[in-house]
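Me: I have a model open and would like to learn how to read its features. Could you walk me through it, step by step?

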Amino acid sequence: MKKIIRTIILACLIIPAIALLAFGPRAKHEVPPGFVELQYWEKWSGPEGIQMAEIVDDFNKTVGKEKHIVVDYMSMTEVNRKVLIATAAGVPPDIAGCWDGQTSQFGALDALEPLDDLAREYGIKKEDYKPVVWDLCVYNGKLYSLPSTPASVALLYNKRIFWRNADKLRAAGLDPCRAPQTIDELDRYSDVLTFRDAAGHITQSGFLPMESWYVNYLCYWWGAGVWDRNTGKFLLTDPRNVAAYEWVKSYATRLGKDSVAEFRQGFGGFNSAQNPFLTEKYAMSQQGPWMANYIYNLKPEMSEVLVPKQLEYFLPHVAREFNYAWAAAAFPSAAGEKDAAFCSIDTLAIPRGAKHPRESFEFIAYIQRPEVMEKLCSLHCKTSALKKTSDAFIRNHMNPYIDVWERLLASPNAHGSPPLPTMAQLNADLKVFIEGVYLLKVDPKKGLEDLQKREEEQYARYNDRQKARLAEAK
Amino acid sequence: MASSKRERREFVKGMAFVSPWFIGFLVFTLTPMGLSLYWSFCDYPLTQPPLFRGLENYRVILHETDFWISLKNTIYYACMALPAGMCVSLGLALLLNTKIRGLGIYRTIIFLPSLVPIVASALLWMWIFNAKYGLFNEVLAKLGINGPNWIADVNTAMPSLALMSLWGVGHTVIIYLAGLQDVPTELYEAAEIDGAESFRRMWHVTIPMISPVIFFNLIMAIIGTFQVFAVPYMMTQGGPFHATYFYTMYLYENAFQNCYFGFASALAWIQLLIVVVLTAFAFWTSTRWVHYQGK
């Protein structure tokens with residue numbers, strides 16, 4: 001009896017296992033014989049992931065079909081970490097969709113294939129790109145990545161809040177029909193547009209520096225930088241950087257650090273209808289062009305003041321902006337530089353040890369085609385990486401102010417994150433320093449001096465390691 | 001001869017049963033530990049081969065301010081969360097050990113939070129601690145008290161996390177409860193005859209009798225508090241201004257953000273050493289306060 005029960009149990013376990021192996025789920029597509037399959041890992045999920053998958057489908061149906069290549073798109077979180085670990089394990093994806101920061105970090109770690117030769121072969125050259133975009137793809141004189149979607153950072157403002165408080169703004173000598181043009185003006189607009197309840201709690205603010213995603217890079221609007229790539233010196237103690245963070249501190253002092261902390265606790269998530277810009281928690285924000293997409297999807301009425309979005313394209317181009325309750329302008333430069341901006345890009349790279357580098361580059365080169373890049377950047381509501389854009393790209397763009405971001409990206413005063421191998425560490429340290437400034441725990445000048453010392457030590461240690469490696473190689 | 005053949009067969013069988021665990025231990029624990037010990041003496045950025053650098057990583061660690069901040073924060077958290085967790089869970093277990101109606105329901109209620117996934121708990125507590133719309137400040141406001149900014153304030157962030165750690169005491173309560181139910185009733189009867197009131201019965205009978213359980217929970221809590229990572233990483237990312245920057249976060253950032261795997265391995269070994277020292281200290285003191293029934 002026992003034997004029979006044992007046999008039945010074993011059979012119950014083994015038969016489904018064999019059935020699963022034989023008839024279980026298979027890969028979502030079969031690779032036609034003679035085709036090369038490329039693994040493409042990307043960070044985008046949600047709508048942006050679906051839009052990139054559309055581009056991948058286009059490739060598979062056209063160039064891929066012709067050249068016998070199939071790209072398998074895989075969306076994932078923390079793509080940079082996964083790519084690095086997979087590369088170290090010798091099983092990297094063929095194409096990695098990362099951020100510009102990884103170009104220098106992974107380049108320094110020898111985790112990416114240089115693309116110079118392939119780019120030359122495919123006629124992809126620096127001159128075709130906006131300078132800041134190309135710079136972000138290069139580390140140590142080598143091209144390690146190419147852009148997929150780039151973006152610059154501008155000042156977004158809520159026109160409704162401006163109109164509602166037009167009298168107060170005018171009384172303060174400010175124009176309610178335009179964005180602030182200097183840092184001093186920005187502060188004055190912000191003060192007028194900040195309100196508190198009877199108990200003194202902030203109910204609406206004009207601008208909050210700590211809400212910016214780019215507070216680590218304020219230096220670029222103050223005419224300074226964080227690191228000089230030519231000399232290898234850190235620039236953190238530059239008086240202009242000190243001034244930038246004194247400005248951050250001034251907000252904590254004026255508004256009260258605890259009041260701001262409490263106020264910010266009431267903010268909803270970025271990708272939600274409770275986004276603080278959409279719920280009018282603040283009137284002005286530092287953001288990228290994609291914000292137009294989020295505003296339309298999460299609070300459509302801000303993009304349909306006159307007519308529904310579908311009819312907007314029938315309006316004369318100059319009239320389009322009246323359909324919006326928000327607008328964009330260059331973020332003011334304390335140094336008085338025209339169109340100063342911070343820029344970041346999404347990149348495509350080939351990890352070291354990828355099985356099909358040539359075929360992978362075929363896909364990357366496809367994305368660089370003007371019509372493909374414009375399609376992808378339109379879908380993602382971003383600017384184009386290329387110098388030349390078609391009229392249709394600007395005219396039919398989802399973002400009515402895309403010309404502002406385009407101008408900023410092409411500006412000679414546009415800057416990206418420096419190609420510093422220890423940038424990830426610097427960014428983490430800057431975040432803590434800025435928190436300290438905002439909480440009035442750190443004096444900007446002293447804090448930047450300490451930070452500079454620390455970063456110099458980190459960089460020196462990095463250089464020591466590199467030297468030791470070179471000596472070992474010899 | 002027959003017996004030795006049988007013994008051998010049984011030994012082979014035993015080894016066959018143990019082998020999945022043994023192979024798993026060898027491949028997934030012992031080998032990585034051995035490698036990480038070696039890498040802790042190397043510069044190892046993961047994509048390049050490890051380069052032996054002697055004690056360099058350990059020397060640098062001792063000069064890093066973030067190391068001391070994260071260690072101090074972890075000890076600070078342990079000093080709050082460990083005794084609070086031990087006392088609250090023991091207190092709850094004592095309450096649940098009484099004979100009252102609906103005991104099963106109370107036990108379930110107390111155990112239930114420890115079944116909630118970590119991410120869900122973290123999100124829930126972020127709302128409870130929310131200075132503007134949070135439950136705590138709502139209640140405090142009703143009492144006319146202006147509540148703090150909890151996890152957004154440098155001074156209250158760490159105590160808030162320690163307070164939150166009490167949410168998951170369900171498992172410890174169950175272990176205490178098992179220990180409490182093992183205490184012979186004759187001892188309580190004897191103490192009662194001797195005139196001992198309830199506090200003295202607890203102090204002189206219950207505590208000594210469950211001291212091995214307390215000791216076990218203490219060791220687990222020491223290890224647990226030094227491994228805290230997920231909840232603060234989700235709730236505060238180490239902020240504000242490094243107020244909740246734990247040792248494990250420092251280790252994780254060095255490994256996966258800065259790609260200093262050699263450095264991170266050295267940090268892991270220092271962490272292990274600290275836990276071993278604390279555990280050894282607990283074992284050393286245990287001879288004075290832990291009483292085993294058989295001895």
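**Reading cavities, pockets, helices and a sheet**

Reply: Happy to! Let's begin with the largest cavity: 18 residues line it, and those nearest its centre are L109(A), P421(A), Y462(A), N258(B) and Y260(B). Keep in mind throughout that this is a predicted model.

Me: What volume does the largest cavity have, and which helices of chain A supply at least two residues of its lining?

Reply: Its volume is about 190 Å³. In chain A, α5 (101-108), α19 (423-438) and α20 (444-473) each supply at least two lining residues, and the largest share, 4 residues, comes from α20(A). Sorted by class, the lining has 8 nonpolar, 7 polar and 3 charged residues. The structure holds 5 cavities of 30 Å³ or more.

Me: How should I read the second largest pocket, and how many charged residues are in its lining?

Reply: Take the space first, then the walls. The second largest pocket offers about 910 Å³. It is lined by 32 residues, with Y77(B), S165(B), G168(B), V169(B) and V228(B) closest to its centre. Helices of chain B that each give at least two residues to this lining include α3 (65-96), α7 (157-165) and α8 (170-180). As for class, there are 20 nonpolar and 12 polar residues, and no charged ones.

Me: You mentioned α8 of chain B. How do I describe the packing of two helices?

Reply: Packed helices are described by the angle between their axes and the distance between those axes. Here, helix α4 (residues 103-111) of chain B and α8(B) have axes that come within 8 Å and cross at roughly 140 degrees. That angle makes α4(B) oblique to α8(B), because only angles over 145 count as roughly antiparallel.

Me: Which residues of α4(B) meet α8(B)?

Reply: From α4(B), they are R107(B), I110(B) and F111(B); their partners in α8(B) are G170(B), H171(B), V173(B), I174(B) and L177(B). The residues of this contact divide into 5 nonpolar, 2 polar and 1 charged.

Me: Last topic: sheets. In what order do the strands of the open sheet in chain A lie?

Reply: Read across the sheet from edge to edge. Its 3 strands follow the order β12-β7-β13 in chain A, with antiparallel pairing. β12 (284-287) and β13 (326-329) of chain A are at the edges with a single partner strand each, so one side of each has no neighbour in the sheet. On average, neighbouring strands are turned by 30 degrees against each other, direction ignored.

Me: And how many bridges join β7 and β13(A)?

Reply: Strand β7 (residues 154-158) of chain A pairs with β13(A) over 4 bridges, in the antiparallel sense. To find the pairing on screen, look for L155(A), which stands opposite A329(A) in β13(A).

Definitions and conventions
Residues numbered from 1 in each chain as written. Chains lettered and ligands numbered in written order. Predicted model: local features only at pLDDT ≥ 70, side-chain atom pairs only at ≥ 80, totals over all residues. Heavy atoms only, no water. Pairing = 2+ DSSP bridges. Axes fitted to C-alpha atoms, helices over the stretch in contact; angles between N-to-C directions. 1 Å grid on protein atoms, 1.4 Å probe; cavity = no way out; pocket = protein on both sides within 12 Å on 5 of 7 lines; lining within 4 Å. Points joined across faces, edges and corners; volume = space filled by probe spheres on them. Nonpolar A, V, L, I, M, F, W, Y, C, P; charged D, E, K, R; others polar. Parallel < 35°, antiparallel > 145°, perpendicular 65-115°, else oblique. Contact = heavy atoms within 4.5 Å.
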